[in-house]
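Colleague: I would like a close look at one part of this model, the salt bridges. Please go through them pair by pair, and then cover whatever else is worth noting.

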Amino acid sequence: MSKTIMYQEALSAPSKVAEQLKYNTKIWQEICAHLKKYPPAFAATVARGSSDHAATYAKYLLESKIGLVTASIAPSIYTIYQSQTAVANSLFLGISQSGKSPDLVQSFSSVKNQATTVALVNVEGSPLANAARFVVPLLAGEEKAVAATKSYICALTALAQFIAIYTEDKILQEALNALPEYLSLAANLDWQVVIDALKDEQDAYVIGRGYGYAIAQEAALKLKETACLHSEPFSSAEVLHGPFALIKKAFPTLVFAQNDASAKGTIELAQKMHQMGANVMFAMPGSQHVDTTHNLQTTKSLHPLLDPILLIQSFYTMTAKLATERGLNPDQPENLNKVTQTV
């Protein structure tokens, strides 16, 4: 299990994060100085797949910490529909591993004279990077497994560093300094109980809220992608509507929470689902015992904004093992390629 490329790449994330945090400080300082001199009226994100899940994290950060309304723009607006958007005086944020997808590149080219364009990319010389005003390298290194792991963690970390520098949040900055060490701890936690719960299942829910919703989206995608397990992500608020009708005895549900104002409601939901008979696996950094089916091992909490990054680190190493236990190769999922180029 530990020999899969996905597993090894997930294990390398802490060292990549340490390198990135050091290298990108001056880059983010320059970007923040520009944004404070020319304050954007709103922000827009463009991304696909795992990178779009990182954009969800960006939305919560920008709206809650800077008060900047943030919209997710469909790249096909610029390609298939050959339309334009009114993005003057905006922060236009693109996130991509390869930086090659033509629709993302065209979106940047279309708005370059209107918006402050910032590209978070793992390939600095990529077409998307060349189309952007500012480039923030993820510095995850080459990712050979089809499923993204370290590049996603690096994208979340880059966004958290952006907020720390923009808001001059010393507590968050100190927490980021400790993040690589705690990611190493998180990568080696024992989540075998999740593997045992999911190895013979066909369906599952993954739940989070706020900053944690981004990793619920990502975890559900990875369960589909690497373990061929049909899984759906939900906000702990939204799942109470129609999706709750599917909750039945032993239904597997992975619940993520972070130490902020959303925790109370998410914990109450996890407990309610457990009482209904669902197989609830609950994870929140630093949490005490919660009355659910399983409380997963976690590190202590460094900061609420960083809790999701620690949790997805533990999830990745677990999922690489889950895939192999289901008789699959997480490095080469069927019907998928590493780089997907869409127009």
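Modeller: What follows takes the charged pairs in turn, then a serine, a pocket and two backbone angles.

The model is a predicted one. It holds six salt bridges, and I will take some of them here. As general background, side chains of opposite charge can pair when their charged atoms come close.

Start with Asp103 and Arg48, whose side chains meet in a salt bridge at 2.8 Å, N to O. Asp103 belongs to helix 5, while Arg48 sits in the loop between strand 1 (42-46) and helix 4 (49-66), so this pair ties together parts that are 55 residues apart in sequence. Asp103 counts as buried because its relative accessibility is 0%. Arg48, at 37%, counts as partly exposed.

Helix 5 spans residues 102-111 and also contains Ser107. Ser107 has 0% relative accessibility and therefore counts as buried. Its side chain reaches the backbone oxygen of Leu104 at 2.6 Å. Leaving aside residues up to four places away in sequence, Ser107 touches Val46, Tyr78 and Phe92.

A second pair is Lys36 with Glu168, a salt bridge in which the closest N and O atoms are 3.6 Å apart. Lys36 lies in helix 3 and Glu168 in the loop between helix 7 and helix 8, so the two tie together parts that are 132 residues apart in sequence. Lys36 is partly exposed, with a relative accessible area of 40%. Glu168 counts as exposed, because its relative accessibility is 54% and the limit for that class is over 50%.

The third pair is within one helix. Lys222 forms a salt bridge with Glu218, and here the closest N and O atoms are 2.5 Å apart. These two residues are four apart in helix 10 (residues 213-227), so about one helical turn separates them. Lys222 is buried, with a relative accessible area of 0%. Glu218 likewise counts as buried, at 0% relative accessibility. The pair does not stand alone: Glu218, Lys222 and Glu225 are linked in a network of salt bridges.

Next is the second largest pocket, with a volume of about 190 Å³. The elements that give two or more residues to its lining are helix 2 (13-23), helix 3 (25-37), helix 7 (150-166) and helix 8 (170-187). Helix 8 supplies the largest share, four residues. The lining includes Ala18, Leu21, Lys22, Thr25, Gln29 and Gln161. Also part of the lining are Ala164, Ile165, Gln173, Leu176, Asn177 and Pro180. By class, the lining has six nonpolar, five polar and one charged residues.

Two backbone angles remain. Most residues other than glycine have a negative phi. Asn89, which is not a glycine, has a positive phi near 60 degrees. Asn89 is in the loop between strand 2 (70-72) and strand 3 (90-96), and at 43% relative accessibility it counts as partly exposed. Leu139 also has a positive phi, of about 60 degrees, although it is not a glycine. Leu139 is in the loop between strand 5 (134-137) and helix 7. Its relative accessible area is 15%, so Leu139 is buried, the limit being under 20%.

How values were computed:
Residues numbered from 1 in each chain as written. Predicted model: local features only at pLDDT ≥ 70, side-chain atom pairs only at ≥ 80, totals over all residues. Heavy atoms only, no water. Buried < 20%, exposed > 50% of the residue type's maximum accessible area, 1.4 Å probe, protein only. Polar contact = N/O pair within 3.5 Å; in protein donor to acceptor, adjacent residues only side chain to side chain. Contact = heavy atoms within 4.5 Å. 1 Å grid on protein atoms, 1.4 Å probe; cavity = no way out; pocket = protein on both sides within 12 Å on 5 of 7 lines; lining within 4 Å. Points joined across faces, edges and corners; volume = space filled by probe spheres on them. Nonpolar A, V, L, I, M, F, W, Y, C, P; charged D, E, K, R; others polar. Salt bridge = Lys/Arg side-chain N within 4 Å of Asp/Glu carboxyl O.
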